[in-house]
Amino acid sequence: TFDLFLKGVKNVPFTGAGDGSLDLFSAVFQMVIGEFVSSLETKTIKTIALISSNGAFIDKLGRNTDVLMLQIAPTMVTFGNVEYFSAKGNIKEASSIVSYIHRHFYPSIQLAPEFQDHCYVDDDNDEEDDDEFCFRGGVDKVISNIGSNILFNALPISHKGFQPGIISSGFFGVDGTFLSFRNSRFKEFGNIDIIDCGPPALKSGDAQISSKYSLLVNTISRKMVIDFGFPIATSKNIQVEIKKMIGHLNRELFGASFGFDVITSDFMETHMELTLSKAAKYIDWSTFYRELIDIKKTESTKEFDESSLDETIWSSVYDNSKKTVSAIKYFLKAYRKSYGEQYISEKGRKKLIEKFHPLFVPRFYVIGSVIKDIERGSTDSLS
């Protein structure tokens with residue numbers, strides 16, 4: 001079964017802090033990004049209809065109009081729906097949503113039927129009630145499974161040229177489906193280019209992908225579990241498991257994004273040095289990573305001032321100063337060394353790089369210019 005969701009109708013409960021209105025540019029952006037994210041093998045929401053109003057207005061994007069957008073997904077119940085009630089202390093309401101989630105998505109987990117079926121009374125003689133608590137058995141397992149599915153679905157796309165600007169519990173369905181693309185980012189000049197992300201002050205990149213998930217991980221591993229009455233020891237155990245899973249998955253995905261099936265700490269450190277160097281701001285990262293397809297195990301020249309014939313990667317670097325060139329060459333040397341340690345075939349390496357670094361990335365300003373061209377009766381920008 002699938003859920004239908006209508007955006008742009010305004011004043012919909014629990015849908016966020018905005019007024020619920022939706023303009024054409026934002027709607028088309030969400031639709032295009034949804035298709036792009038889906039093409040990267042990520043479970044995501046699908047837009048099946050856009051209905052525009054007859055009226056038009058002028059805003060910072062130019063001529064615009066309000067729209068209704070009909071979307072479809074396996075579920076529109078989000079992790080945030082549970083968090084909304086648990087954060088307000090309405091644990092019975094939150095628990096009823098957990099019952100629904102358990103029944104439809106995680107039926108194999110043993111979930112106690114009652115809200116407070118496990119209660120422990122104070123069994124020591126101190127003045128604190130730190131060992132007195134009540135919880136519903138199995139809720140912790142449901143929460144950790146939701147979190148795991150979200151991370152298994154969301155983390156891969158962060159290695160594939162796309163980086164959400166903010167990761168929160170309201171952006172994902174309880175089955176892990178990506179439902180929202182607000183504040184999205186793409187790897188471009190100077191590490192990461194932010195699209196549709198507010199004031200210029202926010203437009204700074206972050207090479208540390210996992211840091212974007214810290215809020216979500218804290219919600220999964222600590223806040224939600226404690227809100228539901230579980231002891232701190234339970235939340236710590238979940239936190240350890242989640243962080244271990246993220247570390248393992250990130251390492252695996254990091255290697256795959258370079259076409260590798262074996263990744264070493266030395267190469268990871270060399271890559272980190274490049275992303276944090278001054279040379280990073282002169283690199284078009286989406287092109288840079290994709291051009292690694294042409295790199296061979298050995299160079300065609302040993303001269304520092306000459307580029308190897310396989311280094312088409314220089315088309316993505318917009319500075320030829322000695323420091324920038326040295327930083328890139330140092331990285332390429334490390335890449336070739338790691339390349340020689342792989343078990344994957346040459347064909348398999350190229351397929352992995354193509355999978356993680358798409359040839360075309362739809363950016364917000366590009367989508368906006370295409371809409372304006374079509375409004376003027378021109379389809380040239382589509383080609």
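**Exercise 1. Place Leu 50 in its sheet.**
Which residue of S5 does Leu 50 stand opposite, and how do the strands around this position fit together?

*Solution.* This is a predicted model.
- Step 1. Start at the residue. Leu 50 faces Met 69, which belongs to S5.
- Step 2. Look at the two strands. S2 and S5 (residues 67-73) run antiparallel and are joined by six bridges.
- Step 3. Widen the view. The sheet is open, has three strands, and follows the order S1-S5-S2 with antiparallel pairing.
- Step 4. Find the edges. S1 (3-7) and S2 (46-52) each have a single partner strand, so one side of each is left without a neighbour in the sheet.
- Step 5. Check the twist. On average, and ignoring direction, neighbouring strands here are turned by 15 degrees against each other.
- Step 6. Add the helix. H1 (residues 24-39) packs on the sheet and touches S1, S2 and S5. The direction of H1 makes about 165 degrees with that of S2.

**Exercise 2. Classify two ring pairs.**
Phe 267 pairs with Phe 254 and with Phe 258. Describe each pair.

*Solution.* A pair of aromatic rings is described by the distance of the centres and the angle of the planes.
- Step 1. Take Phe 254 and Phe 267. Their centres are 6.2 Å apart, with 50 degrees between the planes, and the pair is tilted.
- Step 2. Locate both rings. Phe 254 is in helix H6 (residues 232-257) and Phe 267 in helix H7 (residues 265-276), so the pair ties together parts 13 residues apart in sequence.
- Step 3. Take Phe 258 and Phe 267. The centres lie 5.0 Å apart and the planes make 85 degrees. Planes over 60 degrees apart count as edge-to-face, and this pair is edge-to-face.
- Step 4. Check burial. Phe 254 and Phe 267 are buried, and Phe 258 is buried too.
- Step 5. Step back. These rings belong to one aromatic cluster, whose members include Phe 288 and Tyr 339.

**Exercise 3. Find the charges over Tyr 339.**
Which charged ends sit over the ring of Tyr 339?

*Solution.*
- Step 1. The charged end of Lys 297 is over the ring, 5.4 Å from its centre.
- Step 2. The charged end of Arg 349 is also over this ring, 4.3 Å from its centre.

**Exercise 4. Describe the setting of Ser 316.**
Is Ser 316 buried or exposed?

*Solution.*
- Step 1. Ser 316 lies in the loop between helix H8 (285-290) and helix H9 (322-339).
- Step 2. Its relative accessibility is 0%, so Ser 316 counts as buried.
- Step 3. A polar atom of the Ser 316 side chain lies 2.6 Å from the backbone oxygen of Ile 313.
- Step 4. Beyond its neighbours within four places in sequence, Ser 316 has contacts that include Tyr 282, Asp 284 and Phe 288.

Note on methods: Residues are numbered from 1 along each chain as its sequence is written. This is a predicted model: local features need pLDDT of at least 70, side-chain atom pairs count only at pLDDT 80 or more; totals for chains, interfaces and linings use all residues. Side-chain values use heavy atoms; hydrogens and water are left out. Two strands pair if DSSP finds at least two bridges between them. Helices (H or I, at least four residues) and strands (E, at least two) are DSSP runs, numbered from the N terminus. Axes are lines fitted to C-alpha atoms, for helices over the stretch in contact, and angles run from 0 to 180 degrees between N-to-C directions. Contact means heavy atoms within 4.5 Å. Rings of Phe, Tyr and Trp (its six-membered ring) pair if their centres lie within 6.5 Å; planes under 30 degrees apart count as stacked, over 60 as edge-to-face and the rest as tilted. Buried means under 20% relative accessible area, exposed over 50%, partly exposed in between (1.4 Å probe, protein chains only). A charge sits over a ring if NZ of Lys or CZ of Arg is within 6 Å of the ring centre and within 35 degrees of the ring normal. A polar contact is a pair of N or O atoms within 3.5 Å; within protein, one must be able to donate a hydrogen and the other to accept it, and residues adjacent in sequence count only if both atoms are side-chain atoms.
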